[in-house]
Amino acid sequence: MTSNPPQKPLVAGKKIIIVGAGIAGLAFPLALRKQWPQEHDAEFPSITIYERDSRETSIGREGYSISIRGDPLAGGMQVLHKMGLLDQMLRVSLTGSPETHPRPEGEDTGGFTLWDMDWKPLLRVTGVFPDKELPVSSMRIKRDSMRQVLIEAVGKVLHDGAIHWETMCTKVETSSEEEKRVKVHLINKSKEEQVDECDILIVADGASSKVRAQLRPHDTLSFTGIVCVSGTSRFAEGAVPKPMDKDWGGVLGGGGVGLFVSPVDSRSALWSLSYRADQPRERMRAPLTDEQVQSLLQESLERGKPFREPLQTLIKATDPNTLMVFNAMDKQPFRHEGKTNIIFIGDSNHAMSPFAGNGANMALRGGWELAQQLCKHTSSSSSLDLSPALKAYDEMSTPRSARAIRQSHWSISMLHATGVKLWAYKVLLGVIRVIRWIVRK
């Protein structure tokens, strides 16, 4: 009598290539390692990550802060907690926890705020959706600080040299149905072409994914109708103007022009002016000529005239290397079809505009939940059929990402509202403020 072969995770002993070392691309291997069954430790997959940029360039250009939250839609705080990285993230965050960032009694660490034109809060949100397992319910953290923690963590759980910097993916090819292998064509920092093969390809190369453009050429980004001009302002230590020294959010009532501000660190704050346009504008980012810098600063002062100080101070203190023009783009999520072994996660699947405030949270949750399904679904054969695992993953990821994009469109509408619509939004915010006050009582 023969016994059935033992069940083990679908990806046991397989080779996985990840294209892109952004938040999603780094979160997935960390989540897989954390959830991997101990009894199959010897068969943990071989994982290699290819990233187009150098480590210094990739991290250095991300000097802006993002929100990681624990509310039901975001869930980023819970993922970091399950990964065992939350305490480390809090230590390098702007808001931290009572232990890492002590404050005078009665003073909070800051929160998301919507202001009127006099910088009076229409709604201020701090400490919502408490989770007894979390020291705090949310945090504000520089994206480059977060990436640094993730990169160091990946270095500890994967083999030496698992991340290949300055190596760009140029093309992917799938082999025969029987072999089920993926060939990844690459160009390294020495401009040499090379080919690597894997059983599973994780595509995490961002909103403008080269792999998605090749395999899904009609699945492109959509222009939200909003153009943004932004920069980061530098000040002396502790001299960032109030209220963006600790609070972040938007100012309503700018006559169709939106304003978002946020602290970056104790010496910096980000500002972003946005306006509606029929067509996308040509993107601009450093290095810019002196003439381009002066032109953008003057444009920003003109567009920002409806807003009171300290916006003008912020604009005049802008670091030219951070000044940029970009278009707010997004893309609806898609489900993986058929017996594919090419998986899209993060912005390569569901691109988020900056108005979503959820891109990093979706990337963390996507990495964790994909790893969860690849560990949970098992097989007793050597053949690789990811369909059940991907179906379960898509059932979680797709509707959540679609909700986040709908939320971003609502944010765009509110931030650029005028007339009756602006009045209606202010009334709604007032009602929410009263409800929150009653609940707290």
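These are my notebook entries on helix packing, nonpolar cores, single residues and backbone geometry in a predicted model.

**Entry 1. Helix 3 against helix 9**

I began with helix 3 (residues 76-83) and helix 9 (residues 359-376). I found their axes 8 Å apart, at an angle of about 45 degrees. That makes helix 3 oblique to helix 9. I noted the crossing of helix 3 past helix 9 as left-handed. I then listed the residues that meet: from helix 3, Gly76, Val79, Leu80, Lys82 and Met83; from helix 9, Asn361, Leu364, Arg365 and Trp368. Sorted by class, this contact of helix 3 with helix 9 holds five nonpolar, two polar and two charged residues.

**Entry 2. Helix 9 against helix 10**

Next I took helix 9 with helix 10 (residues 387-415). Their axes cross at roughly 165 degrees and come within 8 Å. Angles over 145 degrees count as roughly antiparallel, so helix 9 is roughly antiparallel to helix 10. I recorded a right-handed crossing for helix 9 past helix 10. On the helix 9 side I listed Met362, Arg365, Gly366, Glu369, Leu370, Gln372, Gln373 and Leu374. On the helix 10 side I listed Ala389, Leu390, Ala392, Tyr393, Met396, Ser397, Arg400, Ser401 and Ala404. The residues of this contact divide into nine nonpolar, five polar and three charged. I marked Arg365 of helix 9 twice, as it meets helix 3 and also helix 10.

**Entry 3. Nonpolar cores**

Which residues have the most contacts inside the largest nonpolar core? I found Phe28, Leu32, Ile68 and Met146, in a core of 60 residues. I followed Met146 further. Leaving aside neighbours within four places in sequence, Met146 is in contact with Ile23, Ile66, Ile68, Leu80, Met89, Ile141 and Leu364. Two of these names were already in my notes: Leu80 of helix 3 and Leu364 of helix 9 belong to the contact between those helices. A second core, separate from the largest, has 27 residues and includes Val227, Val240, Leu296 and Leu323.

**Entry 4. Val149**

I looked up Val149, which lies in helix 5 (residues 143-157). Val149 counts as buried because its relative accessibility is 5%, and the cut-off for buried is under 20%. Outside the four nearest places in sequence, Val149 is in contact with Leu85, Gln88, Met89 and Val92. I checked the Met89 pair: the two residues are 60 apart along the chain, with C-alpha atoms separated by 7.1 Å. Met89 is also in contact with Met146.

**Entry 5. Ser274**

I placed Ser274 in strand 16 (residues 268-276). Its relative accessible area is 2%, so I entered Ser274 as buried. Not counting residues up to four places away in sequence, Ser274 touches Ile226, Val227, Cys228, Gly256, Val257, Gly258, Phe355, Leu415 and His416. Val227 in this list is one of the residues of the second core. I also looked up Ser274 with Ala402, 128 residues apart along the chain, and found their C-alpha atoms separated by 23 Å.

**Entry 6. Gly111**

Gly111 is in the loop between helix 4 (86-92) and strand 5. I put Gly111 down as buried because its relative accessibility is 1%. Beyond four places in sequence, Gly111 is in contact with Arg124, Val125, Thr126, Lys246, Asp247 and Trp248. Gly111 and Gly249 are 138 residues apart in sequence, and I noted 8.3 Å from C-alpha to C-alpha.

**Entry 7. Positive phi**

I found a positive phi of about 60 degrees at Trp119, which is not a glycine. Trp119 lies in the loop between strand 5 (112-115) and strand 6 (121-125). Is Trp119 buried or exposed? It counts as buried, at 14% relative accessibility.

Glu166 is likewise not a glycine and has a positive phi of about 55 degrees. I located Glu166 in the loop between strand 8 (163-164) and strand 9 (168-174). Glu166 counts as partly exposed because its relative accessibility is 34%.

**Entry 8. Cis peptide bonds**

Where does Pro243 lie? I found Pro243 in the loop between strand 13 (222-234) and strand 14 (248-251). Lys242 and Pro243 are joined by a cis peptide bond, with omega about 5 degrees.

I also entered the peptide bond from Glu309 to Pro310 as cis, with omega near 20 degrees. Pro310 is in the loop between helix 7 (290-303) and helix 8 (311-316).

Note on methods. Residues are numbered from 1 along each chain as its sequence is written. This is a predicted model: local features need pLDDT of at least 70, side-chain atom pairs count only at pLDDT 80 or more; totals for chains, interfaces and linings use all residues. Side-chain values use heavy atoms; hydrogens and water are left out. Axes are lines fitted to C-alpha atoms, for helices over the stretch in contact, and angles run from 0 to 180 degrees between N-to-C directions. Helices (H or I, at least four residues) and strands (E, at least two) are DSSP runs, numbered from the N terminus. Angles under 35 degrees count as roughly parallel, over 145 as roughly antiparallel, 65 to 115 as roughly perpendicular and the rest as oblique. A crossing is left-handed if the near helix is turned anticlockwise from the far one by less than a right angle, and right-handed if clockwise. Contact means heavy atoms within 4.5 Å. Ala, Val, Leu, Ile, Met, Phe, Trp, Tyr, Cys and Pro count as nonpolar, Asp, Glu, Lys and Arg as charged, and the others, Gly among them, as polar. A nonpolar core is a set of buried Ala, Val, Leu, Ile, Met, Phe, Trp, Tyr and Cys residues joined through side-chain atoms within 4.5 Å. Buried means under 20% relative accessible area, exposed over 50%, partly exposed in between (1.4 Å probe, protein chains only).
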